[in-house]
Structures are given as structure tokens and as C-alpha cells.
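Here is a walk through a two-chain model, written for someone who would rather look at the fold than at a table. Keep the viewer open as you read.

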Amino acid sequence: MRIVIAEDAAIMRDGLTQTLSRRGHDVLAAVAGPDALLQAVGEHLPDVAIIDVRMPPTHTDEGLRAALAIRRDHPQVGVLVFSQYIETRSAADLIAASPQRVGYLLKDRVADVRDFVDALARVASGGTVLDPEVVRHLLSASRRADALAVLTPREREVLTLIAQGRSNTAIASAFAISPRVVEKHVASIFAKLGLPPSSDDNRRVLATIKYLES
Amino acid sequence: MRSWLRGHPWQADGLLALTLLVVAASQLPAGTADGATRAAYVAVTVVLAATVTARRRYPVTAFAVAVTIGAAQVAFGVQYGAPAKNFALQPNNADLAILVLLYTLAAYRPRRVSVAGLVVCLAGSAVAVARWGPAHHAYSGTAVLTAAAGLGCVTLTAWVLGDSVAYRYRRAYYASVEERAARLEAERDAQARIAAAAERARDLQEKRARAVDESVARLRRIERDLHDGAQVRLAALAMNLGEIKEILEPADEHIRTLIETAHANAKQTLTELRDLARGIHPPVLDRGLAAALASLADTSPIPVGVSVRTVTRPSPAIEAIAYFCAAEILANAAKHSGASNVTIQAEEKGGRLAVTVTDNGSGGARQVAGGGLAGLLERVQTVDGQLDIDSPPGGPTTITIELPGHA
């Protein structure tokens with residue numbers, strides 16, 4: 001993958017650069033602020049940009065705003081926003097226009113390097129990645145508690161992974177069940193919640209998030 | 001009686017004048033003069049007696065009139081070496097009016113005026129005796145001297161009595177002046193103390209505001225430091241441990257277990273550190289009250305409607321207090337009220353921030369010592385804010401907090 005990193009903490013910026021380079025990825029630029037990020041993205045048009053939410057000058061949501069700008073100006077560039085804190089509102093903002101090529105993860109997730117790189121690859125190849133924490137928030141704060149109560153425990157687990165942006169194949173391997181069983185679960189969930197069935201993973205995520213949020 | 005006399009000076013002095021007339025009337029000699037002369041005698045006597053009615057209002061004028069009549073009597077009514085020729089101007093008991101007026105002069109006018117009056121009276125007395133004595137051969141020189149001394153003594157006594165009254169008045173007046181001065185000084189003292197207390201209150205208020213602002217700023221700094229320091233280092237460390245874990249996979253079982261434990265601990269610590277930092281200062285507060293309350297609503301299991309109408313942004317300390325209060329109220333509503341809907345309204349009212357949280361739950365929310373609402377009140381009171389709970393049994397519950405624009 002061709003990657004641009006924007007992270008103001010040098011230790012994390014360097015750590016990510018080393019880790020990703022060691023795995024054969026091409027880190028085109030590693031910058032510390034939103035302006036340098038927009039410039040690097042415009043220049044390199046990477047497969048994916050890893051963006052910290054809190055960056056100078058105000059250390060509030062510069063990264064998020066830069067990510068939204070990239071999605072508007074360079075829709076072909078994948079954007080993975082990572083943050084020390086999860087705000088469901090930020091996740092909703094990021095996927096609002098289109099759930100493609102976008103990810104929102106807690107910074108902690110870099111600890112599981114392989115999962116993190118997998119998530120990066122999914123974003124780069126057009127998929128959606130939402131942090132399990134976001135999905136947990138959405139589920140616990142959902143006004144649709146009554147409807148969700150109708151789901152079986154397994155269906156709830158599957159719904160959680162759908163909301164995180166996992167494909168049927170990934171869900172199947174996560175639960176060690178066959179993809180056909182997953183398909184059945186998905187069909188059942190969508191029928192119970194009254195959502196239109198969709199084979200497209202990204203549309204599926206959007207529909208799920210919108211449902212949980214509404 | 002006394003108070004009536006005091007309250008009606010004209011009437012009282014009128015009575016005195018009448019008394020003088022009565023004692024003078026007995027002296028009217030019968031058959032010694034013609035009718036016109038007798039009428040003139042009566043007129044002079046009446047005027048003399050009447051002067052006392054004006055004694056308190058016009059002491060000097062009344063005295064002057066009486067003394068003038070007295071002087072005329074001495075000049076024309078007392079004849080040297082012969083009986084009086086001018087019957088109308090013969091002295092009589094009404095001349096006591098002069099003593100009364102001398103007394104009045106001494107009591108109501110400055111001493112130099114009354115002393116002048118005294119001198120005039122004494123001189124008049126001396127001349128009167130000097131002219132009267134030789135006209136009455138029957139009296140010896142001793143009798144004349146006795147008359148002069150007696151008249152002088154009576155005159156002096158009238159003056160002394162009046163002067164002592166004036167002295168009492170003056171003393172009372174000085175005492176009242178002194179008392180007023182003392183009272184004024186006490187008032188000035190009290191005002192100075194009040195001013196000092198107000199100054200101190202202002203000073204304390206400013207200090208408290210600074211302390212509240214500083215404590216919020218310090219908490220924010222701690223959160224920033226954690227975010228930029230410990231949290232990011234720990235994340236990098238966890239990432240390194242994760243990498244080692246992957247590289248080591250086929251290696252020594254013991255080392256792998258140790259690394260796995262370290263990796264898991266690092267991740268757990270990251271989670272705990274995040275919760276800790278968020279409790280110290282939610283970073284979303286930096287983006288304003290509207291964003292912070294919206295984020296609060298996002299994580300609430302009850303649907304929450306948020307409306308924020310503020311023109312000027314309150315100070316960070318006030319925003320933090322408003323946020324934590326709203327969070328507490330929302331948590332209470334979710335836990336106890338059974339509400340299906342909550343609204344949070346934040347608006348500016350005359351430079352103050354009012355946050356109103358209403359739920360359609362079962363009501364009955366009240367403050368208990370050590371409870372959530374009591375904690376809320378304490379928080380609000382650190383900046384002179386107000387907390388108002390309206391929660392009748394059966395609901396709905398409306399809790400309003402009002403905070404100043406800055407601490």
C-alpha cells in the first residue's frame with residue numbers, strides 16, 4: 001500500500017512508519033499537522049491516509065476536518081482516522097457522504113498490528129472500518145432497543161461485525177462458521193429490522209449505522 | 001399643666017400679662033386725677049403688661065419697649081423733691097414686666113445682650129431710687145439704701161435665673177452636639193467597615209474565580225499531557241509488544257507467554273488511562289458546549305434532544321460545570337426516572353447560562369445528602385450558580401441550573 005501518515009506525536013509517527021515499512025508498505029510521507037497532510041495527499045494521492053484527530057494548532061478536531069476535506073477533494077484516497085477517544089458523532093460525519101474507503105479506529109488498535117494493517121488494507125481497497133467501540137456505543141445508545149431485543153445472541157454478534165464493516169467471509173472466519181450460515185443470519189437480521197437486503201458490504205454498513213443512530 | 005404651658009407660649013404669656021394687670025389694677029388710685037389721665041395711666045399699664053406676651057418671640061423688642069416705658073416713668077412719673085406730677089406715668093406693679101423680660105433676655109439671648117439689659121435695668125433702678133428717695137422725706141437714708149439694694153438684688157436675681165436657664169440650655173445643646181458628633185463618627189466607622197467587607201468580598205470573589213478557572217485549566221492540561229505523553233507512549237509500546245508477539249510466534253513458549261501478558265496489560269492500561277483522562281476533562285468540551293452536549297446525547301440510552309442557544313461562549317470552567325451537571329442529570333434520568341424522552345436546553349439569559357434538562361419520567365427527584373443532586377448543587381455553588389429542581393410525583397422532571405458567564 002502507498003500510505004501517508006499524519007500524527008503529531010513523533011514516537012507514534014515513527015513507530016507506524018517503521019512497522020508499515022517493515023511489512024513492505026510504502027510510507028510516502030509522515031507529517032505532524034493538517035496543512036502538511038493535505039499537501040502530501042494532494043502530491044502523492046496515496047491509497048490510504050492515516051490521520052490522528054487531535055493535531056496542532058488547537059488539538060481538537062483538526063484531523064477530522066482534514067479527513068473530511070480529503071474525502072471531498074480526493075474521493076479515491078482512503079482515509080483512516082484514529083483517535084484516543086471515540087465520538088460516535090465523528091464516525092457518523094465520516095461515513096455520512098459515502099461509507100467507502102473510510103475507517104475510524106481507536107488509537108489503541110495499533111497494538112494489534114496485524115488487525116490494524118488488515119483494517120488499513122480494507123479501507124485502502126474501498127471498504128469501511130468502524131471501531132468496535134463505536135458500534136458498542138451505537139448499540140447501547142440505540143433507541144431501537146425493542147427491535148434489537150428480537151435478535152438472537154448470535155445475530156447480535158453478527159450485527160456488531162456488520163456495523164464494524166466486516167464482510168461475510170470475515171464474519172464466517174471470526175465465528176468459524178460457513179459463509180452460507182452467515183448469509184442466513186444476515187438475511188434474518190435485515191428482515192427483523194425491516195432493512196432492505198444488500199449484498200454490498202458498504203451499503204450494508206451505512207444502512208446498519210443509520211438504523212442504529214436513528 | 002407644664003406641658004400645656006410649654007406647648008402654648010402665647011397663651012401662657014398672655015396669662016402672665018393678665019396676672020400683671022390684676023396686681024397693677026389694685027394700685028389704681030381713686031379720685032386723684034381726671035378721667036383722661038386715668039385712661040392714659042391704664043393704657044400705659046396695659047402696654048407694659050402686654051410686652052410679656054411677646055417675650056419669647058421678640059425678647060429684645062419687648063424688653064426695649066418695657067424699658068422705654070420704665071425710663072419714661074422714672075423721668076416723668078417720679079419727681080425729684082416733689083410728689084409725682086404726671087399721674088399717667090407713675091410706676092406700678094406692672095413694672096415687674098421689666099424683670100420678667102430681663103429674665104427672658106438672659107434665658108434666650110447671648111450673654112452680652114442680657115448683660116447690657118442688666119446694666120440698663122440696674123442703672124434705671126439706681127436713678128429711680130435716687131429720684132424717689134428725696135421726694136419722700138419721711139424715709140431715712142437707710143431706707144433709701146435698702147430700697148436700692150433690694151431693687152438691685154431683685155433685678156440681679158431675675159438675670160441670674162434667666163442666665164442659669166440659658167446655661168442649662170447651652171449645656172444640653174452642647175451635649176446633643178457632642179452626641180451627634182459621636183453618632184456620626186460611629187456611622188462613619190460602620191460605613192468604613194462595610195466598605196472594607198465589600199472590598200474583601202470582591203477580592204475573594206475574584207480569587208475564587210481565578211481558582212476555579214485555574215483548576216479547570218489544570219485539569220485540561222493534565223488531560224493534554226496524558227494524551228500527548230503517557231497515552232501515546234503506551235500505545236507505541238503496545239504496538240511494539242504486538243510486533244514482537246507476531247515475530248516471536250514460533251519461539252520459546254515461556255517468552256511468548258510473558259510478551260502476551262505484557263501486551264494484554266499494556267492494552268488494558270490504555271483503556272483505563274483513556275477512561276481516567278476522559279473523566280478528568282472530556283476533550284470534546286474543547287469544541288464547545290453544543291458539541292459536548294451532543295456527544296453526551298449520543299451515548300445516552302434515552303433519546304435526548306439538545307438545543308444550545310448561546311451567542312457568547314461561556315468560560316471553559318462554566319462550560320465544564322454545565323457539561324458535568326448535564327451528564328449527571330442525564331445519568332440519573334436514565335437510571336431512575338423511566339423516561340422515554342429527555343430534552344437539554346442551554347441558553348443565554350442576561351449574561352448567564354441556563355441549562356434546563358426535562359424528562360417525561362415518573363418524577364419525585366429530590367436532593368438527598370451525598371446523592372447525585374447534592375453533588376450537583378455543590379458543583380454549581382462553587383461559581384455562585386443556582387440549582388432548581390421541579391419534580392412532582394408522576395413527573396415530568398425539570399432541573400434547571402443557572403451559571404454566571406464566567407466563574
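## Ground rules

Two residues count as in contact if their C-beta atoms, placed from the backbone, lie within 7 Å. With that in hand, residues 24 or more positions apart account for 72% of the contacts in chain B with a separation of 6 or more.

This is a predicted model, where local features need pLDDT of at least 70, side-chain atom pairs count only at pLDDT 80 or more, and totals for chains, interfaces and linings use all residues. Residues are numbered from 1 along each chain as its sequence is written, while chains are lettered from A and ligands numbered from 1 in the order in which they are written.

Helices (H or I, at least four residues) and strands (E, at least two) are DSSP runs, numbered from the N terminus. By that count chain B has eleven helices and five strands.

## Where the chains meet

On the chain A side, 25 residues are in contact with 32 residues of chain B. Four helices of chain A each supply at least two residues of that side: H1 (10-22), H4 (88-96), H5 (113-124) and H6 (132-140). H1(A) gives the most, with four residues.

As for chemistry, the side of chain A that touches chain B has eight nonpolar, eight polar and nine charged residues. Here Ala, Val, Leu, Ile, Met, Phe, Trp, Tyr, Cys and Pro count as nonpolar, Asp, Glu, Lys and Arg as charged, and the others, Gly among them, as polar.

## The sheet of chain A

Chain A has an open sheet of six strands in the order E2-E1-E3-E4-E5-E6, with parallel pairing. (Two strands pair if DSSP finds at least two bridges between them.) The edges are E2 (26-31) and E6 (128-130) of chain A, each pairing on one side only. From one strand to the next, the twist averages 15 degrees; angles like this run from 0 to 180 degrees between N-to-C directions, with axes being lines fitted to C-alpha atoms, for helices over the stretch in contact.

Out at one edge, three bridges join E5(A) (residues 102-106) to E6(A), and the two run parallel. A:Val102 has A:Thr128 as its bridge partner in E6(A).

## The nonpolar cores

A residue is buried if 20 or more other C-beta atoms lie within 10 Å of its own, exposed if 12 or fewer, and partly exposed in between, with C-beta atoms placed from the backbone. A nonpolar core is a set of buried Ala, Val, Leu, Ile, Met, Phe, Trp, Tyr and Cys residues joined through C-beta atoms within 7 Å. The largest one has 71 residues, and those with the most contacts inside it are A:Ala49, A:Ile50, A:Ile51, A:Leu80, A:Val81 and B:Ala235. Helix H7(B) (residues 141-247) gives the most to this core, with seven residues. A second, separate core of 35 residues includes B:Val212, B:Leu330, B:Val357 and B:Ala407.

Is A:Ile50 buried or exposed? A:Ile50 is buried, because 30 other C-beta atoms lie within 10 Å. A:Ile50 is found in strand E3(A) (residues 48-52). Leaving out residues up to four places away in sequence, A:Ile50 touches A:Ile3, A:Ile5, A:Ala6, A:Leu16, A:Leu80 and A:Phe82. On the same basis, the contacts of A:Ile51 include A:Leu37, A:Gly63 and A:Val79.

## The sheet of chain B and its helices

Chain B has an open sheet of five strands in the order E1-E2-E3-E5-E4, with mixed pairing. Its edge strands are E1 (304-309) and E4 (386-390) of chain B, and the twist averages 10 degrees from one strand to the next. Eight bridges join the antiparallel strands E2(B) (residues 342-349) and E3(B) (residues 352-359). H10(B) packs on the sheet, touching E1, E2, E3 and E5 (397-404) of chain B, whereas H11(B) lies across E4 and E5 of chain B.

The axes of H10(B) (residues 316-337) and H11(B) (residues 372-381) come within 10 Å and cross at roughly 170 degrees. These two helices, H10(B) and H11(B), are therefore roughly antiparallel; the cut-offs are under 35 degrees for roughly parallel, over 145 for roughly antiparallel, 65 to 115 for roughly perpendicular and oblique for the rest. H7(B) and H10(B) pack at about 75 degrees, with their axes 8 Å apart, and are therefore roughly perpendicular. The contact of H7(B) with H10(B) has six nonpolar residues, no polar and one charged.
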